[in-house]
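Colleague: I am new to this model. Please pick out one part, the way its strands are put together, and take me through it closely.

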Amino acid sequence: DTRIGQRNLAFFEAKNTGNEPVLATATFNVTPFKAGEYFVKLQCFCFNEQRLDPGESATFPVSFYVDPALNSDSNLDEVNTITLSYTFFPVRK
C-alpha cells in the first residue's frame with residue numbers, strides 16, 4: 001500500500017533463462033498513463049545496465065514517491081490505483 005507523497009520501496013525480479021550471460025536494461029511503464037507525470041523515481045535499477053549469468057535471478061529495488069500534486073489534478077479523480085511495470089531487455093552492443 002502506497003501513500004501519496006511518501007517515499008516507497010518496491011522490488012522487481014528478473015531471471016536469465018538463457019545459456020549465456022546477458023547485459024540488460026529496463027524501461028518502465030506507469031498506468032494509467034495520465035498518472036505517469038506524478039510518479040517520481042528516486043533510485044532505480046533501470047538507471048544502469050544489469051548483468052545476469054545463465055540461470056541467475058536477481059531482485060532489483062526501486063525507490064519512488066507519488067507527487068502530492070496528483071490530488072489537485074481533477075483529470076485523475078477516478079484513479080485509485082497506479083501500476084508500475086518494467087520491461088527488461090538485452091543491451092545491444
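**Strands, sheets and one sulfur link**

Modeller: Start with confidence, since this is a predicted model. Within the protein chain, the mean is lowest in strand 6, at 90, and highest in strand 5 (residues 57–66), at 94. The chain as a whole averages a pLDDT of 92. At least 70 is reached by 99% of the residues. Where pLDDT is low, predicted coordinates should not be read in detail.

Now take the sheet that holds strand 5. It is open and has 3 strands, in the order 1-5-3. The pairing is antiparallel. Strand 1 (8–15) and strand 3 (39–44) are the edges. Each has a single partner strand, so one side of each lacks a neighbour in the sheet. On average, neighbouring strands here are turned by 35 degrees against each other, direction ignored.

Look closer at one pair. Strand 1 meets strand 5 over 8 bridges, in the antiparallel sense. Find K15 and look across to strand 5: its bridge partner there is S57.

The other sheet holds strand 6. This sheet, too, is open, with 3 strands. Its order is 4-2-6, and its pairing is antiparallel. At the edges are strand 4 (50–52) and strand 6 (83–90), each pairing on one side only. From one strand to the next, the twist averages 40 degrees.

Strand 2 covers residues 22–31. Strand 2 and strand 6 run antiparallel, and 8 bridges join them. T31 is a good place to look: T83 is its bridge partner in strand 6.

What holds such strands side by side? Strands of a sheet pair through backbone hydrogen bonds.

Go back to strand 3, whose range of 39–44 takes in C44. Which cysteine is linked to C44? C44 forms a disulfide with C46, and the two sulfur atoms lie 2.4 Å apart. The pair counts because the cut-off is within 2.5 Å. The count by this rule is 1 disulfide. Such a link is a covalent bond between the sulfur atoms of two cysteines. The angle about the S-S bond is 130 degrees, and the link of C44 and C46 is right-handed.

Are these two cysteines buried or exposed? C44 has a relative accessible area of 7%, so it is buried, the cut-off being under 20%. C46 also counts as buried, because its 12% falls under that same limit.

Notes. Residues are numbered from 1 along each chain as its sequence is written. This is a predicted model: local features need pLDDT of at least 70, side-chain atom pairs count only at pLDDT 80 or more; totals for chains, interfaces and linings use all residues. Side-chain values use heavy atoms; hydrogens and water are left out. Two strands pair if DSSP finds at least two bridges between them. Helices (H or I, at least four residues) and strands (E, at least two) are DSSP runs, numbered from the N terminus. Axes are lines fitted to C-alpha atoms, for helices over the stretch in contact, and angles run from 0 to 180 degrees between N-to-C directions. pLDDT is the predictor's confidence in each residue, from 0 to 100. Buried means under 20% relative accessible area, exposed over 50%, partly exposed in between (1.4 Å probe, protein chains only).
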